[in-house]
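Biologist: Before the terms in this annotation are accepted, I should like each one justified against its cut-off. Please take them in turn.

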Amino acid sequence: MRITLTVNGDRVEQDVPPNVLLVDLLRDTCELTGAKVGCDTGQCGTCVVRLGDRSVKSCQMLAVQADGAEVTTVEGLSGDGELTPLQEALWEEHGAQCGFCVPGMVMSLTDLLEHDSAPDEQAIRAGIAGNLCRCTGYGAVVRAVQKAVKDKS
(Lines give C-alpha, C1' and ligand atoms only; values in the text may rest on other atoms or scores of the structure.)
Protein backbone atom coordinates (compact mmCIF):
# COMPACT_ATOMS: atom_id res chain seq x y z
CA MET A 1 0.00 0.00 0.00
CA ARG A 2 1.38 3.42 -0.90
CA ILE A 3 1.41 5.94 1.94
CA THR A 4 2.55 9.53 2.22
CA LEU A 5 3.41 11.20 5.48
CA THR A 6 5.55 14.02 6.75
CA VAL A 7 8.31 12.95 9.10
CA ASN A 8 10.19 15.70 10.90
CA GLY A 9 9.18 18.10 8.16
CA ASP A 10 10.22 15.85 5.28
CA ARG A 11 7.73 14.25 2.93
CA VAL A 12 7.98 10.45 2.87
CA GLU A 13 6.26 8.38 0.18
CA GLN A 14 6.61 4.67 0.61
CA ASP A 15 5.07 1.39 -0.46
CA VAL A 16 4.51 -0.61 2.72
CA PRO A 17 2.88 -3.92 3.46
CA PRO A 18 -0.32 -3.42 5.49
CA ASN A 19 1.20 -5.04 8.59
CA VAL A 20 4.28 -2.80 8.95
CA LEU A 21 4.38 -0.92 12.23
CA LEU A 22 5.03 2.81 12.29
CA VAL A 23 8.10 2.30 14.47
CA ASP A 24 9.57 -0.07 11.87
CA LEU A 25 8.92 2.39 9.05
CA LEU A 26 10.64 5.13 11.03
CA ARG A 27 13.64 3.00 11.97
CA ASP A 28 14.12 0.90 8.84
CA THR A 29 12.97 3.18 6.03
CA CYS A 30 13.52 6.66 7.42
CA GLU A 31 16.63 5.61 9.37
CA LEU A 32 15.43 7.46 12.47
CA THR A 33 16.47 5.30 15.40
CA GLY A 34 15.29 7.49 18.28
CA ALA A 35 12.01 5.58 18.57
CA LYS A 36 12.96 2.17 19.87
CA VAL A 37 11.25 -1.19 20.11
CA GLY A 38 11.52 -2.10 23.74
CA CYS A 39 8.66 -4.36 24.70
CA ASP A 40 6.71 -4.71 21.46
CA THR A 41 3.50 -4.57 23.52
CA GLY A 42 3.02 -0.83 24.02
CA GLN A 43 3.87 -0.89 27.70
CA CYS A 44 7.38 0.59 27.89
CA GLY A 45 7.02 3.82 25.89
CA THR A 46 10.41 3.70 24.17
CA CYS A 47 8.65 4.02 20.82
CA VAL A 48 6.68 7.22 21.55
CA VAL A 49 6.48 9.74 18.70
CA ARG A 50 4.21 12.69 17.98
CA LEU A 51 1.42 12.13 15.47
CA GLY A 52 0.06 15.57 14.75
CA ASP A 53 -0.45 17.15 18.14
CA ARG A 54 -0.50 14.04 20.31
CA SER A 55 1.98 11.41 21.39
CA VAL A 56 1.44 7.82 20.30
CA LYS A 57 3.20 4.52 20.81
CA SER A 58 4.49 3.77 17.34
CA CYS A 59 4.87 0.05 18.07
CA GLN A 60 1.10 -0.10 18.47
CA MET A 61 0.27 1.69 15.24
CA LEU A 62 0.41 0.49 11.68
CA ALA A 63 2.31 2.71 9.26
CA VAL A 64 -0.79 2.86 7.02
CA GLN A 65 -2.68 4.46 9.92
CA ALA A 66 -0.26 7.39 9.72
CA ASP A 67 -0.97 7.97 6.03
CA GLY A 68 -1.34 11.71 5.47
CA ALA A 69 -0.18 12.57 8.99
CA GLU A 70 2.66 14.62 10.36
CA VAL A 71 5.03 12.57 12.50
CA THR A 72 7.69 14.03 14.76
CA THR A 73 10.40 11.89 16.29
CA VAL A 74 12.93 12.93 18.90
CA GLU A 75 15.31 13.72 16.03
CA GLY A 76 12.87 16.32 14.76
CA LEU A 77 12.36 18.28 17.98
CA SER A 78 15.21 20.68 17.35
CA GLY A 79 15.84 21.82 13.81
CA ASP A 80 19.33 23.07 14.59
CA GLY A 81 20.60 19.91 16.26
CA GLU A 82 20.76 21.55 19.68
CA LEU A 83 19.07 20.11 22.73
CA THR A 84 15.63 21.46 23.55
CA PRO A 85 15.25 23.12 26.98
CA LEU A 86 13.58 19.93 28.22
CA GLN A 87 16.43 17.75 26.96
CA GLU A 88 18.97 20.14 28.50
CA ALA A 89 17.15 19.98 31.84
CA LEU A 90 17.07 16.17 31.70
CA TRP A 91 20.83 16.23 31.13
CA GLU A 92 21.49 18.71 33.95
CA GLU A 93 19.22 16.96 36.46
CA HIS A 94 20.49 13.47 35.58
CA GLY A 95 17.05 12.47 34.33
CA ALA A 96 18.67 10.19 31.79
CA GLN A 97 21.06 7.42 32.67
CA CYS A 98 21.37 4.52 30.23
CA GLY A 99 19.43 6.50 27.63
CA PHE A 100 17.27 3.73 26.22
CA CYS A 101 13.98 5.21 27.41
CA VAL A 102 14.96 8.84 26.91
CA PRO A 103 13.61 9.47 23.38
CA GLY A 104 10.18 8.14 24.27
CA MET A 105 10.24 9.94 27.61
CA VAL A 106 11.18 13.21 25.88
CA MET A 107 8.36 12.81 23.38
CA SER A 108 5.79 12.11 26.12
CA LEU A 109 7.02 15.06 28.17
CA THR A 110 7.05 17.34 25.13
CA ASP A 111 3.43 16.42 24.59
CA LEU A 112 2.66 17.11 28.25
CA LEU A 113 4.34 20.53 28.16
CA GLU A 114 2.53 21.50 24.97
CA HIS A 115 -0.79 20.82 26.66
CA ASP A 116 0.15 22.03 30.18
CA SER A 117 2.82 24.71 30.38
CA ALA A 118 3.19 24.42 34.17
CA PRO A 119 2.39 20.87 35.27
CA ASP A 120 2.66 19.97 38.94
CA GLU A 121 4.46 16.83 40.09
CA GLN A 122 1.31 14.72 39.86
CA ALA A 123 0.68 15.83 36.26
CA ILE A 124 4.31 15.15 35.31
CA ARG A 125 4.15 11.65 36.77
CA ALA A 126 0.84 11.05 34.99
CA GLY A 127 2.38 12.33 31.76
CA ILE A 128 5.11 9.70 31.88
CA ALA A 129 2.95 6.90 33.26
CA GLY A 130 3.28 5.07 29.94
CA ASN A 131 7.09 5.27 29.94
CA LEU A 132 9.13 2.74 31.85
CA CYS A 133 12.62 3.57 33.09
CA ARG A 134 14.73 1.12 35.03
CA CYS A 135 17.48 3.61 35.89
CA THR A 136 16.25 6.94 37.20
CA GLY A 137 13.47 6.22 39.66
CA TYR A 138 11.60 9.12 37.98
CA GLY A 139 12.52 11.70 40.65
CA ALA A 140 15.24 13.22 38.48
CA VAL A 141 12.85 13.26 35.53
CA VAL A 142 10.26 15.18 37.56
CA ARG A 143 12.94 17.66 38.73
CA ALA A 144 14.10 18.11 35.13
CA VAL A 145 10.61 18.98 33.91
CA GLN A 146 10.17 21.39 36.81
CA LYS A 147 13.53 22.99 35.91
CA ALA A 148 12.57 23.29 32.24
CA VAL A 149 9.29 24.96 33.22
CA LYS A 150 11.05 27.30 35.68
CA ASP A 151 13.77 28.23 33.17
CA LYS A 152 11.13 28.97 30.53
CA SER A 153 9.34 31.50 32.72
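Modeller: Let us begin with a bridge: threonine 6 of E1 has arginine 11 as its partner in E2. The model is predicted, so local features need pLDDT of at least 70 and side-chain atom pairs count only at pLDDT 80 or more, while totals for chains, interfaces and linings use all residues. Residues are numbered from 1 along each chain as its sequence is written, and side-chain values use heavy atoms, with hydrogens and water left out.

Biologist: What makes E1 and E2 a pair of strands?

Modeller: Strands (E, at least two residues) and helices (H or I, at least four) are DSSP runs, numbered from the N terminus. Two strands pair if DSSP finds at least two bridges between them. E1 and E2 have six bridges, in the antiparallel sense, and therefore qualify as a pair. Two residues separate them in a hairpin, and asparagine 8 in that turn has a positive phi of about 50 degrees.

Biologist: Why does E1 also count as paired with E5?

Modeller: E1 and E5 run parallel and are joined by two bridges, which meets the minimum, so the pair is accepted. Valine 7 has valine 71 of E5 as its bridge partner. As for the two faces of E1, Ile3, Leu5 and Val7 are covered, whereas Arg2, Thr4 and Thr6 are uncovered. In a regular strand the side chains alternate between the two faces of the sheet.

Biologist: Which strands pair with E3, and in which sense?

Modeller: E3 pairs with E4 (residues 54-57) over four bridges in the antiparallel sense, and with E5 over two bridges, again antiparallel. Arginine 50 stands opposite serine 55 in E4 and opposite threonine 72 in E5. E3 and E4 form a hairpin with two residues between them, and glycine 52 in the turn takes a positive phi of about 65 degrees. Val48 and Arg50 point one way from E3, Val49 and Leu51 the other way, and all are buried.

Biologist: Why is threonine 84 called buried, and why is threonine 41 called partly exposed?

Modeller: Buried means under 20% relative accessible area, exposed means over 50%, and partly exposed lies in between (1.4 Å probe, protein chains only). Threonine 84 has 15%, which is under the limit, so it is buried. Threonine 41 has 45%, between the two limits, and is therefore partly exposed. Threonine 84 lies in the loop between E5 and helix H2 (85-92), and threonine 41 in the loop between H1 and E3.

Biologist: What does threonine 41 contact, leaving aside its neighbours within four places in sequence?

Modeller: Contact means heavy atoms within 4.5 Å. On that basis threonine 41 is in contact with Cys59 and Gln60. With the same exclusion, threonine 84 is in contact with Leu77 and Ser78.

Biologist: How do you know that the buried residues of H1 line one face of the helix?

Modeller: Leu22, Val23, Leu25 and Leu26 are buried in H1 (residues 22-29). Seen down the axis, these residues fall within an arc of 165 degrees, so they line one face; the arc is that of the directions from the helix axis to the C-beta atoms. They pack against E1 (2-7), E2 (10-15), E3 (48-51) and E5 (70-72). Just after H1, glutamate 31 has a positive phi of about 60 degrees.

Biologist: Why are cysteine 39 and cysteine 44 not called a disulfide?

Modeller: A disulfide is a pair of cysteine sulfur atoms within 2.5 Å. The sulfur of cysteine 39 is 3.7 Å from that of cysteine 44, its closest cysteine sulfur, which is too far for a bond. The structure holds zero disulfides. Cysteine 30 is likewise in none, the nearest cysteine sulfur, that of cysteine 47, being 15 Å away.

Biologist: What makes lysine 36 count as a charge over the ring of phenylalanine 100?

Modeller: The criterion requires NZ of Lys or CZ of Arg within 6 Å of the ring centre and within 35 degrees of the ring normal. The charged end of lysine 36 sits over the ring of phenylalanine 100 at 5.8 Å from its centre, so the distance falls inside the limit.
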